[in-house]
Amino acid sequence: METQQKRIILFSGKGGVGKTTVAAATGLKSSELGKKTIVLSLDPAHSLADSFDIDEETRLSAKGLPIKINDNLYIQELDIQEELERWWGEVARFLELLFNTTGLSDLVSQELAILPGMEEVTGLLYINHYYRKSDFEVIILDLPPTGETLRFISMPTILKWYMKKIFRVERTIMKIARPIAGRMTDVPLPDESYYKSLETFYENLKGVDEILIDPDITSIRLVTNPEKMVLRESIRAYTYFNLFGINVDAVIVNKIFPKEVIQSCPSLKGWLESQYKYLEEIEAYFKPKPIFKVPHAQRELVGIEGLKWVAEKVYPNTDPTKVFHKEQPYQFEQTEEGYLLKVKLPYAEKKYLDLYKVGEEIVIRLGNVKTHIMLPKKLKNKEPVSARWEEGYLKILLA
Ligand SMILES: Nc1ncnc2c1ncn2[C@@H]1O[C@H](COP(=O)(O)OP(=O)(O)O)[C@@H](O)[C@H]1O
Ligand SMILES: [Mg+2]
């Protein structure tokens, strides 16, 4: 018999929309269906523990390690400082030493100008760790607000580039440093533990990008509110997730005011009615993705009872760990005009788009985010010759 697929569910959205609440509610319902579940948060504000109404003492004594909620459910609020030390310790120490050494600092700081965001890397390390080395069947990550989320998903690409650089820098340093190391005792040479730690770090991240782009494993859910600014950000995020090839399997519209409230509040009528206008827009934008609507509770939502209420609104009579919708973010297609690479990028603006080929990969850059799409064998000698937008897709002609 086939074993049940492990699932990774990411929640993304603007600050305050309800990501932590929905992530926690999803975890709770998943655990109640008997699935061993962990909810992770990178938020330094500790709102995950708060949403489960965990007291301060319990939270502090957990020191960033998992806290048990019930037999199947754990939550973990990652402490970035602790985690850096744990996963990246020797490497960070060596780089610091290097930065502080005269003569080499310019070269190094130039090369290492794009040091990846450690929070994002930590999130990736944990996903990889729990996915491969734990018995958690469901791994839920409450992501930081959208801007950082984009850094998070672009991290595997950045890291690959970065690791190449770091190795190059290292070789340069060794070339300069070795012959004179005897004389210049203040030039630090990485010792054995540095290499070990770099190796472990690499090893721990290996394959995480493959997990993230597998739609049977990873889903990202957009949490949004029926408001103009929030909606805009969700659309932008959606475009970027497509660019990276991470499957958005549902959109959750949270904090919708019930129509009865609108009737009884003449002074808020205009504002509240606009919610329903944005709700229609959301449906039009994200079709055919499922849209889960959650009313505003009109009370404070804390503790298990509050989360149960949310879970029943988001996933009435449904398993929250299901893949609700699957869509290939990009595909290759043979047409009369030639081979097309089709990328679902519904709301991107042309002026921010850049397209080129490096090696056997097509690079698509949108603003300051880029992705690499590997060409299949039979197309690897083709070049992108033109591109156009059609039916929500960017269609790139390869010839
Ligand atoms: N459907 C809802 N009804 C009422 N209050 C809500 C609802 N969803 C979330 N909240 C409240 O809104 C606030 C922000 O939610 P939170 O989940 O912390 O947002 P985020 O993680 O996106 O910043 C919290 O106080 C939470 O209890
Ligand atoms: Mg939060």
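**Exercise 1. Contacts along the chain**

Find what share of the contacts between residues at least 6 apart in sequence join residues at least 24 apart in this predicted model.

Solution. Start with the contacts in the protein chain between residues at least 6 apart in sequence. Among these, 72% join residues at least 24 apart. Next, take the inventory of elements: the chain has 13 helices and 15 strands. Finally, turn to burial: the protein chain has 399 residues, and 34% of them count as buried.

**Exercise 2. The sheet that contains S10**

State the order of the strands in the open sheet that includes S9 and S10, and identify its edge strands.

Solution.
- Step 1. Take S9 (residues 330–335) and S10 (residues 338–344), which are antiparallel and share six bridges. Two residues lie between these strands, and together they form a hairpin. Within this pair, Gln331 is opposite Lys342 of S10.
- Step 2. Follow S10 to its other listed partner, S15 (residues 393–398); six bridges join the two strands, again antiparallel. Here Leu340 has Leu397 of S15 as its bridge partner, and Lys344 stands opposite Tyr393.
- Step 3. Assemble the order: the open sheet has four strands, S9-S10-S15-S14, with antiparallel pairing. S9 and S14 (384–390) are the edge strands, each pairing on one side only. From one strand to the next, the twist averages 25°.

**Exercise 3. The hairpin of S11 and S12**

Describe the pairing of S11 with S12 and name the residue of this hairpin that takes a positive phi.

Solution.
- Step 1. S11 covers residues 353–358 and S12 covers residues 361–366; the strands run antiparallel and are joined by six bridges.
- Step 2. For one bridge, start from Asp354: the partner in S12 is Arg365.
- Step 3. Look between the strands, where the hairpin has two residues. Gly359 takes a positive phi near 60° in this hairpin.

**Exercise 4. The shell around ligand 1**

Work out which elements give two or more residues to the shell around ligand 1, and how the shell divides by class.

Solution.
- Step 1. Count the shell: 15 residues surround ligand 1. The closest are Gly18, Lys19, Thr20, Thr21 and Ala297.
- Step 2. Assign elements: helix H1 (19–32) and strand S7 (248–256) are those that give two or more residues. H1 supplies the largest share, three residues.
- Step 3. Sort by class: nine residues of the shell are polar, four are nonpolar and two are charged.

Conventions. Residues are numbered from 1 along each chain as its sequence is written. Chains are lettered from A and ligands numbered from 1 in the order in which they are written. This is a predicted model: local features need pLDDT of at least 70, side-chain atom pairs count only at pLDDT 80 or more; totals for chains, interfaces and linings use all residues. A residue is near a molecule or strand if its C-beta atom, placed from the backbone, lies within 6 Å of it. Ala, Val, Leu, Ile, Met, Phe, Trp, Tyr, Cys and Pro count as nonpolar, Asp, Glu, Lys and Arg as charged, and the others, Gly among them, as polar. Two strands pair if DSSP finds at least two bridges between them. A residue is buried if 20 or more other C-beta atoms lie within 10 Å of its own, exposed if 12 or fewer, and partly exposed in between; C-beta atoms are placed from the backbone. Two residues are in contact if their C-beta atoms, placed from the backbone, lie within 7 Å. Axes are lines fitted to C-alpha atoms, for helices over the stretch in contact, and angles run from 0 to 180 degrees between N-to-C directions.
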